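Me: Could you walk me through this structure, one question at a time?

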Amino acid sequence: MSSQTRAAITGSGVFTPSQVITNDELVVAFNAYADRQNAAGADPQIPQSSADFIKSASGIEQRFVLDKAGVLDPDRMYPRLVPRDDGAPGQMAEMAVTACTDALAQAGIDAGQIDAVICAASNHERAYPAIAIEIQQLLGTSGFAFDMNVACSSATFGIQAAADMIRSGSIRRAIVVNPEICSAHLEWRDRDCHFIFGDVCTAVVLEAADLAQGDHFVIRSTRCATQFSNNIRNNDGFLRRTRDAMDDRRDMQFVQNGRKVFKEVLPLVSRHIADHMADEGVTADDLKRLWLHQANKAMNDYIGKRVLGRDPEPGEQPNILQDYANTSSAGSIIAFAKYSDDLIPGDTGLICSFGAGYSVGSVIVTRV
Ligand code: CO8
């Protein structure tokens, strides 16, 4: 083992679906659904949703999805994704290939040079074979591949896993990819959460720092933490068939107690980041950028203020949630991919994700 080896992020990529749903479009569809249910005698009656509420409570203005028509059809309210033959690329693998190809191009390496693929996401379209192994085959990477799931923190936990393997010397290069089809496990008929999520796929290439060819970010340190909570939960899983009458049960999709999450996760994340920075000798003045998980603008404003000890300047803590909504594990990586090019050698930034579990992951990087 080479204890000197440092891992670096040398490329990133984002696949963005072509279809967009604005808050206004979403609310029109939800309210049409509610009107129909109410006319049919829904008890209790379903209150109307509001685009103004969505924007002010979350900061979200629109979301990208793989299938807009199915989501906005008041008789359906979930995406329609055509089943695929086992011989065809799966939905997640297909998104992943696009994001990975962009990340590899930025790193300036061929897929064949990658030793490991980690598909880290908050849900996987099948139990096995691993989506990551299918991505490995489609890209033509070497070595091995595996799936992992830590909900919204999947990307940062995946980065730590890959960085640890590079640091230990067991691999030299990895790709961590996050295909998030949140539209398929969101309950679009629930007013409290129907606006929260969107679809996307992100990817980052990690290499031993001595292999990096162009501009890159050396990973100074990673830190992951978990603490069990039922406040964000989805009970769907392979035991579904063994239990009666599970098909349309509300808990077969994403369920959360948003208020509790808000109150409990904020102190957890603020403390986690502060401790991580202190242990690495990174002060607020050293930090040029925060790429935070993208769930709620008010949450990010709060965390930014706690971490920096002042209101963040424009650009110090870029949000993308107004365009993408919450994309689970991909959110902080979209922010990183879109808002990191302008950093100069020596600049330090911090990627942080948080969510179900609870889970929180942080990655401190320095531009080289
Ligand atoms: N339109 C109009 N009014 C509404 C709506 C709506 N759509 N929704 C709720 N209201 C009403 C409520 O009924 C309530 O009315 P009243 O005051 O009369 O009771 C009022 O508005 C306020 O409601 P809330 O208290 O629920 O509103 P909040 O201010 O708390 O905002 C949020 C709701 C935006 C959900 C907020 O609580 C939040 O962002 N919380 C944090 C959530 C979070 O970060 N969760 C992380 C989940 S992501 C994750 O971990 C990954 C999981 C895996 C991915 C899943 C993919 C599907």
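Below are short questions with reasoned replies.

Me: Before we start, what kind of model is this, and how are residues numbered?
Reply: Happy to help: residues are numbered from 1 along each chain as its sequence is written, and side-chain values use heavy atoms, with hydrogens and water left out. Local features need pLDDT of at least 70, side-chain atom pairs count only at pLDDT 80 or more, and totals for chains, interfaces and linings use all residues, as this is a predicted model.

Me: Which residues are closest to the ligand?
Reply: The ligand is surrounded by 29 residues, where near means having a heavy atom within 4 Å. By class, this shell has 15 nonpolar, 11 polar and 3 charged residues. Here Ala, Val, Leu, Ile, Met, Phe, Trp, Tyr, Cys and Pro count as nonpolar, Asp, Glu, Lys and Arg as charged, and the others, Gly among them, as polar. The closest are Cys152, Arg191, Gln256, Asn296 and Ala356.

Me: How much of the ligand's accessible area does the protein cover?
Reply: Polar side-chain atoms of Arg191 and of Asn296 each lie 2.7 Å from an oxygen atom of the ligand. For Ala356, a polar backbone atom is 2.7 Å from a ligand oxygen. On its own the ligand has 1,200 Å² of accessible area (Shrake-Rupley method, 1.4 Å probe), and the protein covers 77%.

Me: Which helix gives the most residues to the shell around the ligand?
Reply: Helices are DSSP runs of H or I with at least four residues, strands are E runs of at least two, and both are numbered from the N terminus. At least two shell residues come from each of α2 and α7. With 4 residues, the one that gives the most is α7.

Me: How far apart are the end C-alpha atoms of α7, and does the span agree or disagree with what is expected?
Reply: Helix α7 runs over residues 258–280, which makes 23 residues. The expected span is 1.5 Å times one less than the number of residues, so it should be 33 Å for α7. That agrees with the end C-alpha distance of 32 Å.

Me: Where does α7 bend?
Reply: The bend is the angle between axes fitted to the seven residues ending at a position and the seven starting there. In α7 it is about 30 degrees, and a proline, Pro267, follows within four residues. Among the buried residues of α7 are Val261, Leu266 and Ile273, buried meaning under 20% relative accessible area, exposed over 50% and partly exposed in between (1.4 Å probe, protein chains only). The bend is at Val265.

Me: Which peptide bonds are cis?
Reply: Most residues other than glycine have a negative phi, and most peptide bonds are trans. Pro44 sits in the loop between α1 and α2, and its bond has omega near 5 degrees. Pro129 sits in the loop between β4 and α5, with omega near -5 degrees for its bond. The cis bonds are Asp43 to Pro44 and Tyr128 to Pro129.

Me: What relative accessibility does Ala325 have?
Reply: Ala325 lies in the loop between α9 and α10. Its phi is positive, near 65 degrees, although the residue is not a glycine. Ala325 counts as buried, at 0%.

Me: Which side chain makes a polar contact with that of Glu187?
Reply: Glu187 is in the loop between β6 and β7 and is buried, at 8% relative accessible area. A polar contact is a pair of N or O atoms within 3.5 Å; within protein, one must be able to donate a hydrogen and the other to accept it, and residues adjacent in sequence count only if both atoms are side-chain atoms. At 2.9 Å, the partner is Arg189.
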